[in-house]
Amino acid sequence: MANYYYLMAQLPSISFGSKAPFKYEEFEELAFRYINKKDRELLKGLSLEPSRDGKKTSSSLLNKWYEFERAVRLALRELRAVKLKWENVDISYEEHAKVVSSYYAQNIASQAFSMEDPLQAELFLDKKRFEFLNGIKSENAFSSDALFSYAIMLLIILREESFSKEIGVEEYKKLYSEILEKSS
């Protein structure tokens, strides 16, 4: 616990829409000096894209994060399938049941899906991700869960900083054309 205190006390605060205080690699380098091997492995494997298998980790915060993110992504997939009239959605019964049981994730996905501008939809999703993380993070600001929450938020900010409107529009048109070709 003392090591987490020294680490977390050094980290600059981050919030939605803020600039990343450092690169993720720099964050990891700093964190690895203070955390135990188990948490180091979890931090190395941290991702904004959860695996579909729903495999649990030793962190309750990460388990909640991955379950939430998986539900949002699956809800978006189902919405796209309906809109594009796909016959095979590739979502299992268990996955569909998790989406249906998470009204919050369904609501977020529906709101994002209804937005015309893909960039605004992504920013909306990221804002909701921040809100979710703030809602589940540990009351103990000097714990491994606080560290994981900070790391996910940093990844989100770094991802946002990589957005380019011009490249995004070009990529969107390319993907949309591919989807239309497949559905024809």
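**Pockets, a cavity and helix packing**

Student: The second largest pocket has a volume of about 240 Å³. What makes a set of grid points a pocket and not a cavity?

Tutor: A quick caveat: this is a predicted model, in which local features need pLDDT of at least 70, side-chain atom pairs count only at pLDDT 80 or more, and totals for chains, interfaces and linings use all residues. Residues are numbered from 1 along each chain as its sequence is written, and side-chain values use heavy atoms, leaving out hydrogens and water. Now, on a 1 Å grid over the protein atoms alone, a pocket is an open set with protein on both sides within 12 Å along at least five of seven lines, while a cavity is a set where a 1.4 Å probe fits but cannot get out. The volume is the space filled by probe spheres set on the points, which are joined across faces, edges and corners.

Student: Which residues lie closest to the centre of that second largest pocket?

Tutor: Met 8, Ser 13, Lys 137, Ala 146 and Tyr 150, out of 13 that line the pocket; lining residues have an atom within 4 Å of a point. Helix α8 gives the largest share, 4 residues. By class, the lining has 8 nonpolar, 4 polar and 1 charged.

Student: And why does Tyr 150 count as nonpolar there?

Tutor: Because Tyr sits on the nonpolar list with Ala, Val, Leu, Ile, Met, Phe, Trp, Cys and Pro; Asp, Glu, Lys and Arg are charged, and the others, Gly among them, are polar.

Student: How much space lies in the largest pocket?

Tutor: About 1,600 Å³. Its lining takes in 41 residues, with Arg 80, Pro 118, Glu 122, Tyr 172 and Leu 175 nearest the centre. Two or more residues come from each of α4 (60–84), α6 (103–113), α7 (118–136), α8 (144–161) and α9 (165–183). The class split is 21 nonpolar, 4 polar and 16 charged.

Student: What about closed spaces: which residues line the largest cavity?

Tutor: Gly 54, Lys 55, Lys 56, Asn 63, Tyr 66 and Arg 70. The structure holds 1 cavity of 30 Å³ or more, and the largest has a volume of about 30 Å³. The lining splits into 1 nonpolar, 2 polar and 3 charged.

Student: How do you know which way α2 runs relative to α8?

Tutor: Helix α2 (24–32) packs against α8 at about 165°, with the axes 10 Å apart. Since over 145 degrees counts as roughly antiparallel (under 35 is roughly parallel, 65 to 115 roughly perpendicular, the rest oblique), α2 is therefore roughly antiparallel to α8. The contact (heavy atoms within 4.5 Å) joins Tyr 24, Phe 27 and Ala 31 of α2 to Leu 147, Tyr 150, Ala 151, Leu 154, Leu 155 and Leu 158 of α8. By class, that is 9 nonpolar, no polar and no charged residues.

Student: What angle do α4 and α7 make?

Tutor: About 150°, with their axes 11 Å apart, so α4 is roughly antiparallel to α7. Among the residues that meet are Trp 65, Phe 68 and Arg 73 in α4 and Lys 128, Phe 132 and Ile 136 in α7. This contact has 9 nonpolar, no polar and 5 charged residues.

Student: How many helices and strands does the protein chain have?

Tutor: There are 9 helices and 0 strands, where DSSP runs count as helices (H or I, at least four residues) or strands (E, at least two). The C-alpha trace spans about 60 × 40 × 25 Å along its principal axes.

Key:
Axes fitted to C-alpha atoms, helices over the stretch in contact; angles between N-to-C directions.
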